[in-house]
Amino acid sequence: MDVRAIERQRVELQANCDRQRSQADRNKLGQFATPFELAREIAATTISLVGGKSIRFLDPAFGTGAFFSALLDVAGDRIESAMAFEVDPHYGTPALCLWNSTGLKLRVEDFTRASVDQSHANLVICNPPYVRHHHLSVAKKAALRRTSHALGVKLNGLAGLYCYFMIFAHQWLEADAVCAWLVPSEFMDVNYGEAIKHYLLNTVTLVRIHRFDPNETQFSDALVSSAVVWFKNQKPDPTALVSMTFGGTVTGPRISRDITLTEMHSEAKWTRLPEILHHARDRAPGVRLGDLFAIKRGIATGNNQFFILTEGQVTELGLTQAFLKPILPSPRYLKQDEIEGDKDGAPTLDRRLFLIDCALSESEVEKIDPGLGRYLKSGRHTVAQGYLCKSRSPWYAQERRPPAPFLCTYMGRTNESGKNAFRFILNRSKATAANVYLLLYPKPAIRAALEDDRVLRRVFQLLKSIPVMDMSTEGRVYGGGLHKLEPGELSNVRADHVGNLLLGENSRPRGEQMTFSLVG
Ligand SMILES: C[S@@+](CC[C@H](N)C(=O)[O-])C[C@H]1O[C@@H](n2cnc3c(N)ncnc32)[C@H](O)[C@@H]1O
């Protein structure tokens with residue numbers, strides 16, 4: 001069999017199949033193929049963990065078979081059996097023809113619902129579909145969760161489809177089977193990943209995790225930050241070390257550390273490993289932003305286009321100011337970092353926006369503000385049916401987010417020098433903000449101090465001087481160097497200087513010298 005010739009046909013087939021599908025359709029089933037060179041590198045690395053045994057292979061999300069092709073290339077003579085699943089006949093049927101002569105048992109069906117038969121595998125290599133939870137129907141998600149619960153793994157409702165693949169595949173594993181999963185690295189940091197991490201630390205022997213540098217995205221057509229997770233189906237050995245590697249390639253990582261299971265258990269965000277050891281992150285107790293501020297995500301309006309209006313739209317629709325609140329434009333339209341307010345508190349910006357915020361019933365609104373009544377009516381059968389609006393009463397009521405003196409952008413990209421992933425904003429207006437921002441509300445102990453304008457400004461400067469590294473290691477990072485910070489993560493960021501200024505020297509961690517002045 002000329003494996004390389006079949007691979008050339010497969011690449012062509014993959015390109016044809018992709019071309020006939022829209023990006024949106026491919027997103028729904030997570031149809032992004034692994035580049036062959038990467039598949040080959042992963043297959044070769046994985047084979048080195050199998051020893052000299054014959055291979056009984058499984059790929060539960062086959063596509064056109066990048067990993068099978070790679071395996072044939074690196075260890076074709078050792079394959080005793082191979083099985084695979086592909087839910088979509090658009091890829092599955094031509095793949096069946098392509099691999100017909102190899103003895104591969106490809107089932108064109110949904111792996112998550114497949115009956116588990118006698119065939120087991122001692123090698124799994126898979127790039128499962130990266131379908132986010134909100135693309136899974138309610139019924140599908142409920143069925144997935146039922147099966148995972150039956151398998152003893154409580155995946156929460158936010159888990160993406162790839163998590164279920166990892167857990168469901170366990171039923172197909174022989175003792176000592178070796179698995180390699182190419183997955184988004186998100187599970188390493190977020191709550192829904194806890195169940196996966198628990199599985200990796202308590203059910204199997206985690207061998208290695210390689211996290212690609214998000215600035216070196218692996219896939220040209222799917223912007224995801226990926227990791228490869230290798231493990232063996234063996235009870236974990238508490239004394240074993242896990243190899244954590246980062247950046248570069250699977251075979252030539254930029255950073256590499258061996259980490260104990262105890263360290264893995266105690267580190268909530270695995271993407272900090274191994275950089276955390278690299279940068280010797282200071283874990284001394286000190287003041288955190290959450291000690292000073294109650295941090296909240298800005299408003300999820302349910303439909304920004306409908307609920308956030310420009311000044312021109314307000315006039316055109318004939319709305320009164322009764323149910324309008326000034327709201328900041330998104331960071332990309334905000335040139336300055338300091339926002340002033342006019343006499344009514346609206347920000348003095350070129351782009352002035354207003355949020356519709358009203359808790360009265362539609363009939364009451366019609367009486368008080370007929371223009372708004374008409375406008376809301378126009379969204380009753382469309383906007384009101386959206387996911388968030390449906391869960392609110394009335395459907396146009398908004399979360400309470402009074403103006404905050406400080407804001408921080410919720411996400412951002414690092415530039416080449418690693419700077420500017422996040423921006424702090426000083427808000428002297430009465431504008432609230434949407435969920436592209438985090439709002440920092442001063443806690444009671446510091447409110448009085450912040451009434452002094454000089455203190456307010458100095459705090460703003462200190463916030464802006466928080467090292468980028470301190471912020472980004474608390475947050476999470478996605479493909480293409482996109483960083484995000486949830487409120488709890490920003491709360492965890494060290495802010496000793498701000499603490500010293502506002503709470504006094506006692507808040508200073510021992511042994512640290514800090515100087516600052518109110519001037520400047
Ligand atoms: C990320 S792609 C990987 C394809 C291929 N293994 C590769 O690495 O190039 C995931 C594949 O899983 C398929 N898939 C999605 N949901 C599935 C399911 N429930 N059961 C089986 N396959 C599924 C998709 O159609 C897609 O071909």
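A polar contact here is a pair of N or O atoms within 3.5 Å. Keep that cut-off at hand for the exercises below, which all work on a predicted model.

**Exercise 1. Find the polar side-chain atoms that approach the ligand, and describe the shell around the ligand.**

Step 1. Start with aspartate 110: a polar atom of its side chain sits 2.7 Å from a ligand nitrogen. That distance is within the 3.5 Å cut-off, so the pair counts as a polar contact.

Step 2. Turn to the ligand's oxygen atoms. Threonine 34 places a polar side-chain atom 2.5 Å from a ligand oxygen, and for glutamine 31 an N or O atom of the side chain is 2.9 Å from an oxygen of the ligand.

Step 3. Widen the view to the whole shell. The ligand is surrounded by 22 residues, with Gln31, Thr34, Ala61, Glu86 and Asp110 the closest. By class, the shell has 13 nonpolar, five polar and four charged residues.

**Exercise 2. Take apart the largest nonpolar core and say which helix gives it the largest share.**

Step 1. Look for the members with the most partners. The core holds 52 residues, and those touching the most other members are Trp181, Phe187, Leu200, Leu206, Phe231 and Trp270.

Step 2. Assign the share. Helix α7, residues 161–168, supplies eight residues, the largest share of this core.

Step 3. Check for another core. A separate one of 39 residues exists, and Ala75, Trp99, Leu182 and Phe212 are among its members.

Step 4. Zoom in on leucine 206. Setting aside neighbours within four places in sequence, leucine 206 is in contact with Leu200, Leu201, Val229, Trp230, Phe231, Val242, Met264 and Trp270.

**Exercise 3. Is helix α7 mostly covered or mostly open, and what lies against its buried residues?**

Step 1. Count the buried positions: eight of the eight residues of α7 are buried, so by the under 20% criterion the helix is mostly covered.

Step 2. Name them: Leu161, Tyr162, Cys163, Tyr164, Phe165, Met166, Ile167 and Phe168.

Step 3. Identify the cover. It includes two helices, α6 (138–150) and α8 (194–202), along with the strands β5 (173–184) and β7 (226–232).

**Exercise 4. Characterise the backbone at aspartate 176 and at proline 394.**

Step 1. Aspartate 176, in strand β5, has a positive phi of about 70° although it is not a glycine. Its relative accessible area is 35%, which makes it partly exposed.

Step 2. The peptide bond leading from serine 393 to proline 394 is cis, with omega near -10°. Proline 394 belongs to the loop between α16 (387–390) and β15 (406–409).

**Exercise 5. Is asparagine 127 buried or exposed, and what does its side chain meet?**

Step 1. Locate asparagine 127 in the loop between β4 (121–126) and α6.

Step 2. Its relative accessible area is 10%, so asparagine 127 is buried.

Step 3. Find the partners. A polar atom of the asparagine 127 side chain lies 3.5 Å from the backbone oxygen of phenylalanine 32, and there is a polar contact of 3.4 Å with the side chain of tyrosine 130.

**Exercise 6. Summarise the protein as a whole.**

Step 1. Its secondary structure amounts to 21 helices and 20 strands, and the C-alpha trace spans about 80 × 65 × 40 Å along its principal axes.

Step 2. Of the 520 residues, 52% count as buried.

Notes. Residues are numbered from 1 along each chain as its sequence is written. Side-chain values use heavy atoms; hydrogens and water are left out. A nonpolar core is a set of buried Ala, Val, Leu, Ile, Met, Phe, Trp, Tyr and Cys residues joined through side-chain atoms within 4.5 Å. Buried means under 20% relative accessible area, exposed over 50%, partly exposed in between (1.4 Å probe, protein chains only). Helices (H or I, at least four residues) and strands (E, at least two) are DSSP runs, numbered from the N terminus. Contact means heavy atoms within 4.5 Å. A residue is near a molecule or strand if one of its heavy atoms lies within 4 Å of it. A polar contact is a pair of N or O atoms within 3.5 Å; within protein, one must be able to donate a hydrogen and the other to accept it, and residues adjacent in sequence count only if both atoms are side-chain atoms. Ala, Val, Leu, Ile, Met, Phe, Trp, Tyr, Cys and Pro count as nonpolar, Asp, Glu, Lys and Arg as charged, and the others, Gly among them, as polar.
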